[in-house]
Amino acid sequence: MTYIQYLIIICILVIIAFAITKSKQKDFKIEANKLVTYLGGKDNIISYEVNQSRFIVMLNDTEKVNKEGIQKLGAQGIVEIGNQLKIILGENAKQLKKHIDDLK
């Protein structure tokens, strides 16, 4: 009987651990939608690429960019050179690019 109780406790702990892990993962589709919005929308984006931890985007109009919103998404830095933004996103840059590719 005690083995069944231990088995039930282990199952409950595994379920709780799975739920905690799942809740900590970012929903990159939502993040990608927000990033596109903060960049001034799909029509404002000319091209984009990922270089390691940086998301590099060429824009029609940098005045439409919400830099504060991008910072709130977790950007560690934003560098503006002409109509190009280099956004340091860390390890999430590649995943966000993949989801933005799906939006385009």
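## Starting with one residue

Which strand is Met-58 found in? Met-58 sits in strand β2. Keep in mind that you are looking at a predicted model, so everything below describes that prediction.

What does Met-58 touch, leaving out residues up to four places away in sequence? Its partners are Asn-44, Ile-45, Ile-46, Ser-47, Asn-83 and Gln-84. Take Asn-44: this residue is 14 residues away from Met-58 along the chain, and the two C-alpha atoms are separated by 8.7 Å. As for cover, Met-58 counts as partly exposed, because its relative accessibility is 32%, and the buried label needs a value under 20%.

## The overall layout

Now zoom out. The protein chain has 4 helices and 4 strands. If you walk along the sequence, you meet them in the pattern α-α-β-β-α-β-β-α.

Here are a few numbers for the whole chain. There are 104 residues, and 29% of them count as buried. The chain exposes about 7300 Å², with carbon and sulfur atoms supplying 56% of that area. Look at the contacts with a separation of 6 or more, and you'll find that 57% of them come from residues 24 or more positions apart.

## What's inside

In soluble globular proteins, nonpolar side chains tend to be buried together. In this model, the largest nonpolar core has 19 residues. Leu-35, Leu-39, Phe-55, Val-57, Ile-87 and Leu-89 are the ones with the most contacts inside this core. Several elements give two or more residues to the core: helices α2 (28–38) and α4 (93–103), plus strands β1 (45–51), β2 (54–59) and β4 (84–88).

Phe-55 is a good residue to click on. Not counting residues up to four places away in sequence, Phe-55 touches Leu-35, Leu-39, Tyr-48, Glu-49, Val-50, Leu-85, Lys-86, Ile-87, Leu-89, Lys-97 and Ile-100.

## The two sides of helix α4

Which residues of α4 are buried? They are Ala-93, Leu-96, His-99 and Ile-100. These four cover an arc of only 130° around the axis, so they end up on the same side of α4. Turn to the face pointing away from that buried side, and you find the exposed residues Lys-94, Lys-98 and Asp-102.

Helix α4 also holds a salt bridge. Asp-101 pairs up with Lys-97, and their closest N and O atoms are 3.1 Å apart. Both residues lie in α4, 4 residues apart, which is about one turn of the helix. Asp-101 counts as partly exposed at 35% relative accessibility, and Lys-97 is partly exposed too, at 24%.

## More salt bridges

How many salt bridges does a search of the whole structure find? The search finds 3. Besides the pair in α4, there's one between the side chains of Glu-80 and Lys-67, with an N to O distance of 2.5 Å. Glu-80 is in strand β3 (residues 77–81) and Lys-67 is in helix α3 (residues 67–72), so this pair ties together parts that are 13 residues apart in sequence. Glu-80 is partly exposed, with a relative accessible area of 37%, and Lys-67 is partly exposed with 35%.

Helix α3 has a salt bridge of its own, where the side chains of Glu-68 and Lys-72 meet at 3.6 Å, N to O. These two are separated by about one helical turn, because they are 4 residues apart in α3. Glu-68 is exposed, with a relative accessible area of 55%, and Lys-72 also counts as exposed, at 66%.

## Out on the surface

Not every nonpolar residue here is tucked away. Ile-4, Tyr-6, Ile-8, Ile-9, Ile-12, Leu-13 and Ile-16 make a nonpolar surface patch of about 700 Å². One of them, Leu-13, is found in helix α1 (residues 2–24). Is Leu-13 buried or exposed? Leu-13 is exposed, because its relative accessible area is 51% and the label applies to values over 50%.

## An unusual backbone angle

Most residues other than glycine have a negative phi. Gln-52 is not a glycine, yet its phi is positive, at about 55°. Where does Gln-52 lie? You'll find Gln-52 in the loop between β1 and β2. Gln-52 is also exposed, with a relative accessible area of 62%.

Terms used
Residues numbered from 1 in each chain as written. Predicted model: local features only at pLDDT ≥ 70, side-chain atom pairs only at ≥ 80, totals over all residues. Heavy atoms only, no water. Patch = residues over 30% accessible without salt bridge, like charges linked within 9 Å, V, L, I, M, F, W, Y side chains within 5 Å. Areas by Shrake-Rupley, 256 points an atom, 1.4 Å probe, with all protein chains shown as cover. Salt bridge = Lys/Arg side-chain N within 4 Å of Asp/Glu carboxyl O. Buried < 20%, exposed > 50% of the residue type's maximum accessible area, 1.4 Å probe, protein only. Core = buried A, V, L, I, M, F, W, Y, C linked by side-chain atoms within 4.5 Å. Contact = heavy atoms within 4.5 Å. Arc of directions from axis to C-beta.
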